[in-house]
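Please open the model in your viewer and keep the sequence panel beside it. The stops below say what to select and what is found there.

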Amino acid sequence: MEVEAQQRDVNNVMCQLVDPEGTTLGPPMYLPQDVGPQQLQQMVNKLLSNEDKLPYTFYISDQELVVPLESYLQKNKVSVEKVLSIVYQPQAIFRIRPVNRCSATIAGHSEAVLSVAFSPDGKQLASGSGDTTVRLWDLSTQTPMFTCKGHRNWVLSIAWSPDGKHLVSGSKAGEIQCWDPLTGQPSGNPLVGHKKWITGISWEPVHLSSPCRRFVSSSKDGDARIWDVTLRRCVICLSGHTLAVTCVKWGGDGVIYTGSQDCTIKVWETSQGKLIRELKGHGHWVNSLALSTEYVLRTGAFDHTGKQYSSAEEMKQVALERYKKMKGNAPERLVSGSDDFTMFLWEPSVSKHPKTRMTGHQQLVNHVYFSPDGQWVASASFDKSVKLWNGITGKFVAAFRGHVGPVYQISWSADSRLLLSGSKDSTLKIWDIRTKKLKQDLPGHADEVFAVDWSPDGEKVASGGKDKVLKLWMG
């Protein structure tokens, strides 16, 4: 009997399947050591009673399992005495091809391109420039469609409403303009109220309000303002920061997050503009915020399939389903990046204290961005690196090195498998999240690349920068 028991222990290992949030799936069980990702995938689908079999990846202490358990245990000298925790992570069912060539270089702007943004359905593209204009581009012909004139200074920030019906831009002079994307015409006079330049714009999620009417802007003047595009005025002013507000996000639960040079992040409710929470911890300016639900908030009801909707109500319903599915039972997470070279991971609805301090960058963090599935966080820094972190625990995963200048902006592919970065070194680079290596180097710009975006349908990448041209990249 004893020999048999020993035999069982040698060839089997006690495993516990857990989801990325740490919730266990079924009881711990003995698995033969020749079990690999494929057999685990079958088990998870069975335990979750998935009618349609879904793809999963598996991780043991933050390392992907790509071999049978036996090889992993031997290589990493893992004791089989303890229960082995295996994290299963759902993957996108569709695959986005990496872009590998520049399909168009479009001139038009007469100064640097400072921002680029695809519409939520990926069908239209907008750019903001130092030449004071916003431009809308025709993606099918790859030519300029409309030049939107009305700003008096550099266009620093642009944002599409998640229903795709409005485009809003903010300038260095502090005014905000709303545009009709179908005509390129301004929908009314500029919205004035901010006394200094606009640092960020974020729309109220479509699953909370459809058709989209309200958005929030942040400014160097220390305030954030909620505007209503139908009423054409500021409806609430969020005052409380003692220095410039550098970034703003409208969360999926209906609250607004503002990050400031006063080193704090403030959380506001949006019916009266009351301050409900303050997140403290940074020792220097907060200059970037990212939400775990950001991708699904940005795209609303639209996904990679390109389905269009006939009514605002239907859009709201589909957006709500997408939001709930993406978020699951976990709280919305927030990551803040700072001039103190660090980042913090927060769960603001749960606690005012950070969940994790994320250190490793050698210079200030320019941009932080969650992957569409919320499983990863990427950060871009002046230290020329892009870093990858676990989006749930905040643990460091990998550094992507290859840029020879500061990295300004990053963007994810819709399937969360690829990451795009744009740099002062004039190149774009695409990184493979699975192999943690450079997938594609995209030179072509003549100067610094300030802005990059990957279209939600996954087919195109847009970039702009100091050389004044807009480049489109395809697979």
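Begin with the second largest pocket of this predicted model, which has a volume of about 1400 Å³. Its lining takes in 47 residues. Select Pro90, Lys325, Met326, Lys327 and Asp373, since these lining residues lie nearest the pocket centre. Then colour S5, H4 and H5, the elements that give two or more residues to the lining. H5 gives the most, with six residues.

Keep H4 and H5 on screen and look for enclosed space. How many cavities of 30 Å³ or more does a search of the whole structure find? The search finds one. The space in the largest cavity is about 40 Å³. Select Pro205, Val206, His207, Val296, Leu297, Gly300, Ala319 and Tyr323 to show its lining. Helix H4 (294-299) and H5 each supply at least two residues of that lining.

Next, go to the largest nonpolar core, which has 19 residues. Select Val168, Ile176, Ile201, Trp203, Phe215, Ala301 and Tyr309, the members that touch the most other members. Strand S13 (176-180), strand S15 (198-203) and helix H5 (312-327) each supply at least two residues of this core. In soluble globular proteins, nonpolar side chains tend to be buried together.

Centre the view on Ile176. Leaving aside residues up to four places away in sequence, Ile176 touches His151, Val168, Ser169, Gly170, Pro190, Leu191, His194, Ile198, Phe215, Ser217 and Trp227. A second, separate core has 18 residues, including Tyr56, Phe58, Leu73 and Leu84.

Stay with S15 and show the sheet to which it belongs. Four strands form this open sheet, in the order S15-S16-S17-S18, with antiparallel pairing. S15 and strand S18 (233-239) are at the edges with a single partner strand each, so one side of each has no neighbour in the sheet. From one strand to the next, the twist averages 20°.

Inside this sheet, select S16 and strand S17 (residues 223-228): they run antiparallel and are joined by five bridges. Arg214 stands opposite Asp228 in S17. Now move to the loop between S15 and strand S16 (214-219), where Pro211 lies. The peptide bond from Ser210 to Pro211 is cis, with omega near 0°.

Now show the five-stranded open sheet. Its strand order is S2-S1-S5-S3-S4, and the pairing is mixed. Which strands are at the edges? They are strand S2 (24-32) and strand S4 (63-64), each of which pairs on one side only. Strand S1 (residues 12-18) pairs with S2 in the antiparallel sense over six bridges. To check the register, select Val18, which stands opposite Thr24 in S2.

Add helix H2 (residues 37-47) to this view. H2 lies across S1, S2, strand S3 (56-60) and strand S5 (84-90). Relative to S3, H2 runs at about 110°.

For a hairpin, select strand S9 (residues 134-138) and strand S10 (residues 143-148), which pair in the antiparallel sense over five bridges. Trp137 stands opposite Pro144 in S10. Between the two strands of this hairpin are four residues. Gln142 in the hairpin takes a positive phi near 55°.

The last stops are also about backbone angles. Most residues other than glycine have a negative phi, and most peptide bonds are trans. Select Ser416, in the loop between strand S31 (407-412) and strand S32 (418-423). Ser416 is not a glycine, yet its phi is positive, at about 65°. Is Ser416 buried or exposed? Ser416 counts as buried because its relative accessible area is 5%, under the 20% cut-off.

Finally, select Lys468, in the loop between strand S36 (460-465) and strand S37 (470-474). Lys468 is a residue other than glycine with a positive phi, near 75°. With a relative accessibility of 36%, Lys468 counts as partly exposed.

Key: Residues are numbered from 1 along each chain as its sequence is written. This is a predicted model: local features need pLDDT of at least 70, side-chain atom pairs count only at pLDDT 80 or more; totals for chains, interfaces and linings use all residues. Side-chain values use heavy atoms; hydrogens and water are left out. A nonpolar core is a set of buried Ala, Val, Leu, Ile, Met, Phe, Trp, Tyr and Cys residues joined through side-chain atoms within 4.5 Å. Buried means under 20% relative accessible area, exposed over 50%, partly exposed in between (1.4 Å probe, protein chains only). Contact means heavy atoms within 4.5 Å. Two strands pair if DSSP finds at least two bridges between them. Axes are lines fitted to C-alpha atoms, for helices over the stretch in contact, and angles run from 0 to 180 degrees between N-to-C directions. On a 1 Å grid over the protein atoms alone, a cavity is a set of points where a 1.4 Å probe fits but cannot get out, and a pocket is an open set with protein on both sides within 12 Å along at least five of seven lines; lining residues have an atom within 4 Å of a point. Grid points are joined across faces, edges and corners, and a volume is the space filled by probe spheres set on the points.
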